[in-house]
Amino acid sequence: MADDRQSTAAEFSFALNAAANRMVRLHKPFLEPLGLTFSQYLVALELMNGSPQSVGELCARLDMETGTLTPLLKRLEAAGVVTRTRDASDERRVLIDLTPHGRAMEDALRGIPDKIRTACQLTPDGLESLRRTLDALARPTIAP
C-alpha cells in the first residue's frame, strides 16, 4: 500500500512539473517578441496590478526569494521596463515601478492569458477551478 501511495505521489509530481513546463513553453512565443522571459512577465503583470511596489512586496506576491527576484529586476531595468529607486522615507526599501515602455506593453501582456486558456482548451469555469486547486496546493491552510 505504501508503494502505491509513493508511486501516486511521484506521478503527481511528474504531472505537475510537466504542466508547469508546458505553461512556460506556451507563453514563450508571446513573450519573445516583447523581450521578456516568463518570470519577467509575472513581475510586469504584478506591477500592472499596482505599482510602485517594494522588492519585499513583490517577493511576497510572486512567492520568490530576494536572491531570485533581484537579478531579474536588474535585467528588467536594463531593458527599460522597470525603474528601481530607493524609498525616500526608508532608504532600506527599493521601490519598483514600470517605465513608460513597460506600461506600453500592458495590452499585449494582459491579452496573453486568454491565448493560453484557448491553447489549453479550458473554459472560464475550468480555468477558475484549476486556479483554485493550484492556489490550495501552493498555499495550504493546514500545515503539512
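Analyst: A residue counts as buried under 20% relative accessible area, exposed over 50% and partly exposed in between (1.4 Å probe, protein chains only). The model is predicted: local features need pLDDT of at least 70, side-chain atom pairs count only at pLDDT 80 or more, and totals for chains, interfaces and linings use all residues. Numbering starts from 1 along each chain as its sequence is written, and side-chain values use heavy atoms, leaving out hydrogens and water.

User: Why is N49 called exposed?

Analyst: Its relative accessible area is 53%. The cut-off for exposed is over 50%, so N49 qualifies. N49 sits in the loop between α2 and β1 (53-54). Its C-alpha atom is 18 Å from that of L69, 20 residues away along the chain.

User: What elements does the protein have?

Analyst: Seven helices and three strands. Helices (H or I, at least four residues) and strands (E, at least two) are DSSP runs numbered from the N terminus. The order is α-α-β-α-α-β-β-α-α-α. The C-alpha trace spans about 60 × 35 × 25 Å along its principal axes. Of the 144 residues, 25% are buried.

User: What makes α2 largely enclosed by the rest of the structure?

Analyst: The count of buried residues. Eight of its 11 residues are buried, so the label follows. They are Q40, Y41, V43, A44, L45, E46, L47 and M48.

User: Why is V43 called buried?

Analyst: V43 has 0% relative accessibility, and the limit is under 20%, so it counts as buried. V43 belongs to helix α2.

User: Which residues does V43 touch, not counting residues up to four places away in sequence?

Analyst: L62, L69, L72, L73 and L76. Contact here means heavy atoms within 4.5 Å. The C-alpha atoms of V43 and I96 are separated by 9.9 Å, with their positions 53 residues apart along the chain.

User: Which residues touch the most other members of the largest nonpolar core?

Analyst: V43, L69, L73, L76, I96 and L109, in a core of 27 residues. At least two residues each come from α1 (2-31), α2, α3 (55-62), α4 (66-78), β3 (90-98) and α6. The largest share, six residues, is from α2. Such a core is a set of buried Ala, Val, Leu, Ile, Met, Phe, Trp, Tyr and Cys residues joined through side-chain atoms within 4.5 Å. In soluble globular proteins, nonpolar side chains tend to be buried together.

User: Why is α2 called roughly perpendicular to α6?

Analyst: The axes of α2 and α6 (residues 106-119) cross at roughly 110° and come within 11 Å. The band for roughly perpendicular is 65 to 115 degrees; under 35 is roughly parallel, over 145 roughly antiparallel and the rest oblique. The crossing falls inside that band, so α2 is roughly perpendicular to α6. The axes are lines fitted to C-alpha atoms, for helices over the stretch in contact, and angles run from 0 to 180 degrees between N-to-C directions.

User: Which residues of α2 and α6 meet?

Analyst: On the α2 side, Y41, A44, L45 and M48; on the α6 side, E106, L109, R110, I112 and P113. Seven are nonpolar, none polar and two charged. Ala, Val, Leu, Ile, Met, Phe, Trp, Tyr, Cys and Pro count as nonpolar, Asp, Glu, Lys and Arg as charged, and the others, Gly among them, as polar.

User: Why is the pair of F38 and Y41 called tilted?

Analyst: Rings of Phe, Tyr and Trp (its six-membered ring) pair with centres within 6.5 Å; planes under 30 degrees apart are stacked, over 60 edge-to-face and the rest tilted. By this rule there is one aromatic pair. F38 and Y41 are 6.1 Å apart, centre to centre, with 40° between the planes. The distance meets the limit and the angle is neither stacked nor edge-to-face, so the pair is tilted.

User: Where do F38 and Y41 lie?

Analyst: Both are in helix α2 (residues 38-48), three residues apart, about one turn of the helix. F38 is partly exposed at 24% relative accessible area. Y41 is buried, at 3%.

User: What makes D63 and Q121 stand out in backbone angle?

Analyst: D63 has a positive phi near 55° and is not a glycine. Q121 has a positive phi of about 55°, and it is not a glycine either. D63 lies in the loop between α3 and α4, and Q121 in the loop between α6 and α7 (124-138). D63 is exposed at 63%, as is Q121 at 73%.

User: Which peptide bond leading to P52 is cis?

Analyst: The one from S51, with omega near 5°. P52 lies in the loop between α2 and β1. Just after α2, G50 has a positive phi of about 160°.
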